[in-house]
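The following report concerns the structure shown below. It addresses the ligand shell, two helix packings and a sheet in turn.

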Amino acid sequence: MVLDNLGSSLRGSLDKLQGKSRLDKDDVQEIVKEIQRSLLSADVDVSLVMDLSDSIKTRALEEDPPAGTSARDHVLKIVYEELVGLIGDSTEIPLEPQTIMLAGLQGSGKTTTAAKMAWWFSKKGLRPAVIQTDTFRPGAYDQAKQMCERAEVDFYGDPDADDPVQIAEEGLEATEDADVHIVDTAGRHALEADLIDEIEEIESVVQPDLNLLVLDAAIGQGAKEQAQEFDGSIGIGGVVITKLDGTAKGGGALTAVNETDSSIAFLGTGETVQDIERFEPNGFISRLLGMGDLKQLSERVERAMAETQAEDDDWDPEDIMKGSFTLKDMKKQMEAMNKMGPLDQVLDMIPGLGGGLKDQLPEDAMDVTQDRMRKFEVIMDSMTDAEMENPRSVGAQQVRRIARGSGTDEETVRELLQQHKMMERTLKQFQGMGDGDMQRMMKKLQN
Ligand code: GDP
């Protein structure tokens, strides 16, 4: 995740301010140093880091915290506002018919992003089509076609043609029933004159409403040059930062956005078509600072719940809050969790939980958890309906049978039953809660 360290390192300095009502010069100096260290190690441009830390320093010392605000909250707010200011608003993407062209170097994630964006538009009720003009990279056609099939969106490409301009022209005609056209272009290993010539030619035929530059989050300082070059030739209206799920630093991409006065449109957070997020500066920075991103989280939860429910008419998540919690409910909940994406990303979005809890977990804890969830699912498939409805009735003999049937071991089956008991107990507490209790709990989580 971009600038991943910022949240945790900053939290350390901020925690030292606990109980203070005013900041002195040393406090501010220490915080600013932490921010500089994090941003620089994340590949953000030096002059940008200096500008940012100067404004934070000045504001933290000169502005009085509003009455009742602790020094810690005050400085956190300033850091938050300055970072939001640095990144700027998100690129405007109207939900209407339009043509979007993607540019970028080979491997930056253009083809993947084209399919992801098409999926995103289709979820918003539009009819998108992807036009693949990359004749340079072998495999680009098949990859785009497969991803578009998975995303259930229109696709045009011609594996035998070698003129991208002609493909673009024919593609627009062939997909005229679609309302949003996403044109994928070829990349090169490096910025080369023929790449720029080619993209300019495609642009003159396609006449896109918006050109997006696709940047790999790992790109580092080279981002600046790329952004300037593409901006100078076709004009860049926004940036897509991909591979944010990896260990990439992302600071280079942020620098590029700032350099070209453009903004961020989308973030890529994985390899499947659903792993795309509309960029929301406020949520993004909140997440960065370990303050959570409730909006993204609730969107994901809602989508996952709706999808899981759509697959099974008899199951309503609200029933859990009312009645008993069976293994069937637990299975549905796990399916919904899987749809929300990798657990570590979901945890990042929970305020107060994200950074803090995750930092305390061993590196591979998340994988283990997902691995365990998959095992649990296999085990549940080997259980009878009656056992799923009433897991407490499962005795030693059944445990043996289920372990054998699912190809797992008795210990894991018992773990599953134990996990179910724990979840049931937790839910019982929720069920006894009034609305006021719930709000108090949420508040506690946010602090
Ligand atoms: P292109 O050459 O610019 O079209 O790049 P591709 O779309 O083929 O992407 C290059 C590689 O990066 C592929 O293996 C993709 O699966 C992978 N990729 C693209 N976006 C993401 C992302 O957001 N996260 C991860 N983990 N991988 C990505």
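## Ligand shell

In this predicted model, 20 residues surround the ligand, and Gly-109, Lys-110, Thr-111, Thr-112 and Gly-268 come nearest. The element that gives the most to this shell is helix 5, with three residues. Classified by residue type, the shell around the ligand holds 14 polar and six charged residues and no nonpolar ones.

## Helix 5 and helix 6

Helix 5, spanning residues 110-123, packs with helix 6, spanning residues 140-151; the angle is about 20° and the axes are 9 Å apart. Helix 5 is therefore roughly parallel to helix 6, since angles under 35 degrees count as such. The crossing of these two helices is right-handed.

On the side of helix 5, the contact is made by Thr-111, Thr-112, Ala-114, Ala-115, Ala-118, Trp-119 and Ser-122. Helix 6 contributes Ala-140, Gln-143, Ala-144, Met-147, Cys-148 and Ala-151. Nine residues of the contact between helix 5 and helix 6 are nonpolar and four are polar, while no charged residue takes part. Thr-111 and Thr-112 appear in this contact and also among the residues that come nearest to the ligand.

## Helix 9 and helix 10

A further packing involves helix 9 (residues 222-233) and helix 10 (residues 251-259), at an angle of about 35° and with axes 8 Å apart. The crossing of helix 9 and helix 10 is right-handed.

Helix 9 supplies Gly-222, Ala-223, Lys-224, Gln-226, Ala-227 and Gln-228 to the contact, and helix 10 supplies Gly-252, Ala-253, Thr-255, Ala-256 and Glu-259. The contact of helix 9 with helix 10 comprises four nonpolar, five polar and two charged residues.

## The sheet

Eight strands form an open sheet in the order 3-2-4-1-5-6-7-8, and their pairing is mixed. The edges are occupied by strand 3 (154-156) and strand 8 (276-278); each has a single partner strand, so one side of each lacks a neighbour in the sheet. With direction ignored, neighbouring strands of this sheet are turned by 20° against each other on average.

Strands of a sheet pair through backbone hydrogen bonds, in either parallel or antiparallel fashion. Strand 1 (residues 98-103) and strand 4 (residues 180-184) run parallel and are joined by five bridges. Thr-99 has His-181 of strand 4 as its bridge partner.

Technical notes: Residues numbered from 1 in each chain as written. Predicted model: local features only at pLDDT ≥ 70, side-chain atom pairs only at ≥ 80, totals over all residues. Axes fitted to C-alpha atoms, helices over the stretch in contact; angles between N-to-C directions. Helix = DSSP H or I, 4+ residues; strand = E, 2+ residues; numbered from the N terminus. Parallel < 35°, antiparallel > 145°, perpendicular 65-115°, else oblique. Left-handed = near helix turned anticlockwise from the far one by under 90°. Contact = placed C-beta atoms within 7 Å. Nonpolar A, V, L, I, M, F, W, Y, C, P; charged D, E, K, R; others polar. Near = placed C-beta within 6 Å. Pairing = 2+ DSSP bridges.
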